[in-house]
Amino acid sequence: MENQQNKEHSNDQLFSVINKLIMIIVVLVIGIISIPIFIYYNNQPDKVSKNNSPSPSSTASTNSTEPLYWTAPDIESITDLKLKATVSYGKALIAHTSKYLGPNGSVLKMSNGLNCQNCHLEAGTKVWGNNYGSVASLYPKFRARSGAIENIYKRVNDCFQRSLNGIALDTNGKEMQAIKAYITFIGSNVEKGKKAEGSGFKDLAFLDRAANPENGKKVYIAKCQSCHQDNGQGVFNSDKSEYTYPALWGEHSFNDGAGLYRISNFAKYVKYNMPQGTNYQNPMLSDEEAWDVAAFVVSRNRPHINVPKDWPDISKKPIDHPFGPYADSFTATQHKFGPFNPIAAAQKKSKK
Ligand code: HEC
Ligand code: HEC
């Protein structure tokens, strides 16, 4: 009898423990399910657009028709272990290029210490952070700069030779193969021939005046210098493997053949990505500040690259290509700093 009661008592205890466990599991499951849903809804562009600054360029593109932006697939989803290892190495090379290939690189010493990721933010996955979303889908493609069809290898080496002021990587080598595998993998969810939403740079309206390096210097001192330093040289980390704050000019910076040397690219990059932590939803610079600080930085000294074969058809030069000869009669200074509206209007007219 007593035995029976004891048994019932311990059964009761067991039930209550099981009940508690079930409760905990239910709460956990609900929690785990709701976190991604919460994050997803918080990332909906039109929800966040309310925080946008009222600058004309951002209001134009943040109405309710704003698209869902591209996001990179997760490397963890790769089941082929060999491919996964290659793609992961590619990502490491993009994020920490300097560790492997910089001035103190463990694999090769062939570039200036910048990481690809310094300009292609979040390993080339950030919305309007110069991401690689459209590379797999659009390459090989014709590029007017070279006047030829370029594949991914050629495009990557362009950045090695210009943005990283270095030399070309061996196309068959392990590093280039890994970089290509990574870029191809993250763009694999974009339909061939299509552009991913939010890839490259977000547009920025031209100013009605020339960009002003003097104003830009003031912006630089107030909003950039704390990280990139008064001499623009940035700060290398303590073990000298990569930059904590990358160089913006001088001998360790990108050269004058690099994409970022064009003022419009620089202004767009900075407007939607700098100071560090900025994104397209919370730009911290006005359009004028972005153009002016770009004018200041592209006026500083930096390495020169000799590329006489660039732009074989001069009529295809972008408006802000800072080197002549030009197909129009605007000066090199106006092509470098603006005002760009008159050049754009003349180009439109001559196309008609
Ligand atoms: C100093 C900044 C900077 C660095 C560092 C840099 N890039 Fe770039 N990269 C650019 C800019 C700017 C463009 C776009 C140029 C243009 O369209 O005129 C670009 C374009 C590209 C593109 C083509 C993107 C497209 O959608 O067409 C690829 C691929 C690329 N870079 C790869 C790399 C790799 C790999 C590295 C590292 C080895 C690297 N970049 C380092 C600035 C940089
Ligand atoms: C709080 C520190 C900080 C401030 C302030 C800051 N940056 Fe940066 N900047 C960074 C870091 C860090 C990177 C590299 C980003 C990465 O690798 O994810 C970077 C990268 C860059 C790059 C591309 C890489 C290169 O070296 O060319 C440019 C251009 C740039 N910043 C310009 C600016 C400008 C202009 C300002 C002022 C409007 C500014 N930054 C303010 C930290 C900062």
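The domain bounds used on this tour come from an automatic or database domain assignment. With those bounds, the shell around ligand 2 takes at least three residues from each of domain 1 (75-186) and domain 2 (213-351). Keep in mind as you click along that this is a predicted model.

**Stop 1: the whole chain**

Start by showing the protein chain as a cartoon. You should find 16 helices and 4 strands. Colour by confidence next: the mean pLDDT of the protein chain is 89, and 86% of its residues reach 70 or more. Now select residues 44-61, where the pLDDT is below 50. Beyond near neighbours in sequence, that stretch has 28 contacts in the model. Of the 352 residues in the protein chain, 37% are buried. If you compute a contact map, look at pairs at least 6 apart in sequence: 63% of those contacts join residues at least 24 apart.

**Stop 2: ligand 2**

Select ligand 2 and the 24 residues around it. Which of them come nearest? They are Cys224, Cys227, Pro246, Pro275 and Gln276. Three helices, H6 (116-119), H12 (225-228) and H13 (263-273), each supply at least two residues of this shell. Colour the shell by residue class and you get 17 nonpolar, 6 polar and 1 charged residues.

**Stop 3: ligand 1**

Move on to ligand 1, which also has 24 residues around it. Here the nearest are Cys116, Cys119, Cys159, Ser163 and Gly259. The elements giving two or more residues to the shell are H6 and helix H9 (152-161). H9 makes the largest share, with 4 residues. By class, the shell around ligand 1 divides into 13 nonpolar, 10 polar and 1 charged. Domain 1 (75-186) and domain 2 (213-351) each provide at least three residues of the shell around ligand 1.

**Stop 4: helix H13**

Go back to H13, one of the helices that you met around ligand 2. Is H13 largely enclosed or open? With 11 of its 11 residues buried, H13 is largely enclosed by the rest of the structure. Those buried residues include Phe266, Lys268, Val270 and Lys271. To see what covers them, show H6, helix H7 (121-124), helix H14 (287-298) and helix H15 (332-337), which are among the covering elements.

**Stop 5: the largest nonpolar core**

Hide the ligands and select the largest nonpolar core, which has 66 residues. Tyr182, Phe266, Val270, Val293 and Ala294 touch the most other members. Elements that give two or more residues to this core include helix H4 (81-95), helix H5 (97-101), H10, H11, H13 and H14. Because domain 1 (75-186) and domain 2 (213-351) both give residues to the core, it lies between them. Zoom in on tyrosine 182: leaving aside residues up to four places away in sequence, tyrosine 182 touches Val87, Gly90, Lys91 and Ile94.

**Stop 6: glycine 198**

Finish at glycine 198, in the loop between helix H10 (174-186) and helix H11 (213-223). Why does this loop residue count as buried? Glycine 198 has 22 other C-beta atoms within 10 Å, and 20 or more are enough for a residue to be buried. Draw a distance from glycine 198 to leucine 68: their C-alpha atoms are separated by 8.7 Å, although the two residues are 130 apart along the chain. Not counting residues up to four places away in sequence, glycine 198 touches Tyr69, Trp70, Val127, Trp128 and Gly133.

Terms used: Residues are numbered from 1 along each chain as its sequence is written. Chains are lettered from A and ligands numbered from 1 in the order in which they are written. This is a predicted model: local features need pLDDT of at least 70, side-chain atom pairs count only at pLDDT 80 or more; totals for chains, interfaces and linings use all residues. A residue is near a molecule or strand if its C-beta atom, placed from the backbone, lies within 6 Å of it. Ala, Val, Leu, Ile, Met, Phe, Trp, Tyr, Cys and Pro count as nonpolar, Asp, Glu, Lys and Arg as charged, and the others, Gly among them, as polar. A residue is buried if 20 or more other C-beta atoms lie within 10 Å of its own, exposed if 12 or fewer, and partly exposed in between; C-beta atoms are placed from the backbone. Two residues are in contact if their C-beta atoms, placed from the backbone, lie within 7 Å. A nonpolar core is a set of buried Ala, Val, Leu, Ile, Met, Phe, Trp, Tyr and Cys residues joined through C-beta atoms within 7 Å. pLDDT is the predictor's confidence in each residue, from 0 to 100.
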